[in-house]
Amino acid sequence: MATVSPVSLELDAAEARRMMLRAQGLLGAADRRAGVPGMLRRLGAVQLDTISVLARSHELVAYARLGAVGRKAVEKAYWDGASAFEYWSHAACVLPMELWPHFGHRRRAFAAKGFRWHRLDAAGAKKVLDEVRAKLRAEGPLTVGELGGAKNGGEWFDWSETKIAVEWLLDLGEVVCTRRTGWRRVYDLAERAIPEELRARAERTGSEEGARALVARAGQALAVATAGDLARHLMLPRQMVDGVVAESGLERVRVEGWGEAWADPAALAAGPAEGRCRTVLLSPFDSLLWDRRRAARVFGVEHRLEAYVPKAKRVYGYFAMPVLSGGRLVGWVDPGREGETLVAKRVTLRSRGAEKAVGVALREAARWVGCGDVRTEVTVGP
């Protein structure tokens, strides 16, 4: 049984929030020299999503931290075929390549379950899996279209057997995605795409060791977190986190209003989190806001994505982007685009005086996406 370390420090909630913002690259001077690859290593995971309003979410995450970073630089950093891979972390995410060995527990859990979303016909499963493996081995990296097609003729989630098979092999780690083309995954055999040293390390890494490494990385990305925060950040079983956190290298602390938490030693050693905080529109899928319970506790705001909420029931809008300013969430903007005009279809302000910060964030975002004008249609105040 792991020895429970004593509480090393007590933090107030405001300092914990600033430490998290610094760890997330949103407070203090951005390390622009490290660019998008450095940002990805800092965050540990960037969520992917098909929705694109101003830009896709993985582009918005880089923009929020680095400013007007070029989209080609973002794509190259994520999908150069060597530095990162896609896998199921918090959700579908792009992750630094060095994390590959630590997800062995998840690959083994998939294998034990036998399926994730779809079941292959038992009689034909081996045949179609072998066909996918053989085609990738013979022809090299391929999209699902090149493998035979993704759809089965029904609704969007009605996958073909080929799509089910290649995604299952991705779950198991036999296949990996390190590149995309036109937003389509390019699948390759892990034996070819993952460096030999990392594959060997994955073979040696047990579930507990992998979980311990992932908990440590979650702690670095969050700076200060409860055990529940750490579990939800990378969708790890809470029991697994509780079993390894004391030996993860994180320090046990207490935070005002939170209770017991765990802190990254490097974040504590860096001293008070000071400096200018970004005033910027955030993607609803930004890692700062993944965990709705944590966001409510840290920022005092209930944040949710309303893209899948019936239009009549939406409060903030289809793709409402939270506005970060002064280390707080000061409002939401539901954006759109008409030619070279960025349209704020609905602006929701949390406090008086937030209009200025929202205007700053809108104008910067407009410049980034190549819009010369900003138009606000509806503003709702506190």
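## Helix 16

Helix 16, which covers residues 354–368 (helices being DSSP runs of H or I with at least four residues, numbered from the N terminus), has 15 residues and reaches 22 Å from its first C-alpha to its last, close to the 21 Å expected at 1.5 Å a residue, where the expected span is 1.5 Å times one less than the number of residues. Its buried residues (under 20% relative accessible area with a 1.4 Å probe, protein chains only) include Ala354, Leu362, Glu364 and Trp368. The helix is followed by glycine 370, whose phi is positive, near 85 degrees.

## Basis of the model

This is a predicted model, in which local features need pLDDT of at least 70 and side-chain atom pairs count only at pLDDT 80 or more, while totals for chains, interfaces and linings use all residues. Residues are numbered from 1 along each chain as its sequence is written, and side-chain values use heavy atoms, with hydrogens and water left out.

## Domain 1 against domain 2

The domain assignment, automatic or from a database, gives domain 1 (9–22 + 206–270) and domain 2 (280–380), and their centres, taken over C-alpha atoms, are separated by 28 Å. Contact (heavy atoms within 4.5 Å) involves 11 residues of domain 1 and 12 residues of domain 2.

Between the two domains there are 3 salt bridges, each a side-chain nitrogen of Lys or Arg within 4 Å of a carboxyl oxygen of Asp or Glu. Arginine 232 forms a salt bridge with aspartate 291, with the closest N and O atoms 2.7 Å apart.

Terms used. Helix = DSSP H or I, 4+ residues; strand = E, 2+ residues; numbered from the N terminus. Buried < 20%, exposed > 50% of the residue type's maximum accessible area, 1.4 Å probe, protein only.
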